[in-house]
Amino acid sequence: MKQIHELPAILANQISAGEVVERPASVVKELVENALDAHSTEIDVTVADAGLKTIKVVDDGDGIDSSQVQTAFLRHATSKITEQRDLFRVRTLGFRGEALPSISSVSNVVLKTSTGSVGTEIEYKGGKLVSQKAAESRKGTTVIVNSLFYNTPARLKYLSSPNTELAKISDIVNRLALSHPEVAFSFISNGRELLRTSGRGDLLQVLGAIYGVKTVSRMQPIKSEKPDISISGYVSLPELTRASRNYISLILNGRYVRNFPLTKAVINGYGSKLMIGRFPIAVINIKLDPALIDVNVHPTKQEVRISEEPRIGDMVATAIRDMLADKQLIPDATREF
Ligand code: ADP
Ligand code: MG
């Protein structure tokens, strides 16, 4: 008979990594989300060779105390939830405690961090601790991920072309920046700056940095408030469309999510004003009681369950419909004289 035994931590982490760290863009997402959870005001993302050579995320957030830094790399170790009921009031982007152990099990990670006093630098390779030492560091955290998937050749093979992987990283950085206009983001790939936002809390400025100022001049604000749900954002006028739904970003309590019914609601708001196969550019911010959202559905947390989905969908569609109706009353409102 075969013996049943618990898997060693490194192997268990590599199995988790299969879900959490699908591709370089997933690493960027997890590291930036950690930086956001740590109250950073500035986050700088740098990649080399579409993230396969290096991914570096520098933040000016809370930092990790040197006595805690090894714990941060343990599976299911988190500072963000403590007990079961916390799961129903999650306000942070992370809570599963899987990112650092997963990433470090499939790469070479150097993390430098400081809470303001003496800093610490720790290195892991293939899930194994290499070293930890005191280090000069300003307040905040820097994570450098080198040689991603060096020990999982099957994963490397499954990746798309470097251009496609870079586009996926760029897409996720854009959406994180759109979700947090109050944070100054920069994104540099092979020495080229692909995004810079001001961090002044102006969503329109972030949209301009991503889609271009000219495009954004044809977007309009929308708003809808109910006692328990608030919706705000910008959507394009019907003449400004794209050939895919990908330009519709939904942000739920600061978390970028994918949600088909709500994406459909955005499109429905336009009624018959969109041509077949054309979709608007939109950023919709939805704020509601965290108890109404179940984020514990998928390891990447990009899919969530929302208990008031139909009502939120109606609010979104109505807000867009009302804005477009207003525009029609003043046909030249978007033109400058
Ligand atoms: P989770 O985000 O789900 O808690 P992670 O594995 O991503 O799990 O991170 C583990 C812990 O390490 C976090 O709970 C947090 O306390 C700490 N941490 C990770 N990254 C940062 C960071 N950039 N700044 C401050 N603390 C961090
Ligand atoms: Mg995390």
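Reader: Which helices each supply at least two residues of the shell around ligand 1?

Author: Helix H2 and helix H3 (99–105) do. Keep in mind that this is a predicted model.

Reader: OK, and which one gives the most to that shell?

Author: H2 does, with three residues.

Reader: How many residues surround ligand 1 overall, and which are the closest?

Author: There are 22 around ligand 1. The closest are Asn34, Ala38, Thr78, Gly94 and Ala99.

Reader: For typing the site, how do the shell residues divide into nonpolar, polar and charged?

Author: Eight are nonpolar, eight are polar and six are charged.

Reader: Back to H2 for a sec. Which strands does it lie across?

Author: Helix H2 covers residues 24–37 and lies across strands E1 (42–48), E2 (54–59) and E6 (140–146). It runs at about 10° to E2.

Reader: Switching to the sheet: what's the strand order?

Author: It's an open sheet of eight strands, ordered E5-E4-E3-E6-E2-E1-E7-E8, with mixed pairing. Strand E5 (128–135) and strand E8 (192–196) are the edge strands, each pairing on one side only. From one strand to the next, the twist averages 10°.

Reader: So what does E8 look like on its paired side, parallel or antiparallel to E7?

Author: Antiparallel: E7 (residues 184–189) and E8 pair over four bridges. Ser189 stands opposite Arg192 of E8.

Reader: And which helix lies across E1, E7 and E8?

Author: That's helix H5, residues 162–179, and it runs at about 170° to E7.

Terms used: Residues are numbered from 1 along each chain as its sequence is written. Chains are lettered from A and ligands numbered from 1 in the order in which they are written. This is a predicted model: local features need pLDDT of at least 70, side-chain atom pairs count only at pLDDT 80 or more; totals for chains, interfaces and linings use all residues. Two strands pair if DSSP finds at least two bridges between them. Axes are lines fitted to C-alpha atoms, for helices over the stretch in contact, and angles run from 0 to 180 degrees between N-to-C directions. Two residues are in contact if their C-beta atoms, placed from the backbone, lie within 7 Å. A residue is near a molecule or strand if its C-beta atom, placed from the backbone, lies within 6 Å of it. Ala, Val, Leu, Ile, Met, Phe, Trp, Tyr, Cys and Pro count as nonpolar, Asp, Glu, Lys and Arg as charged, and the others, Gly among them, as polar.
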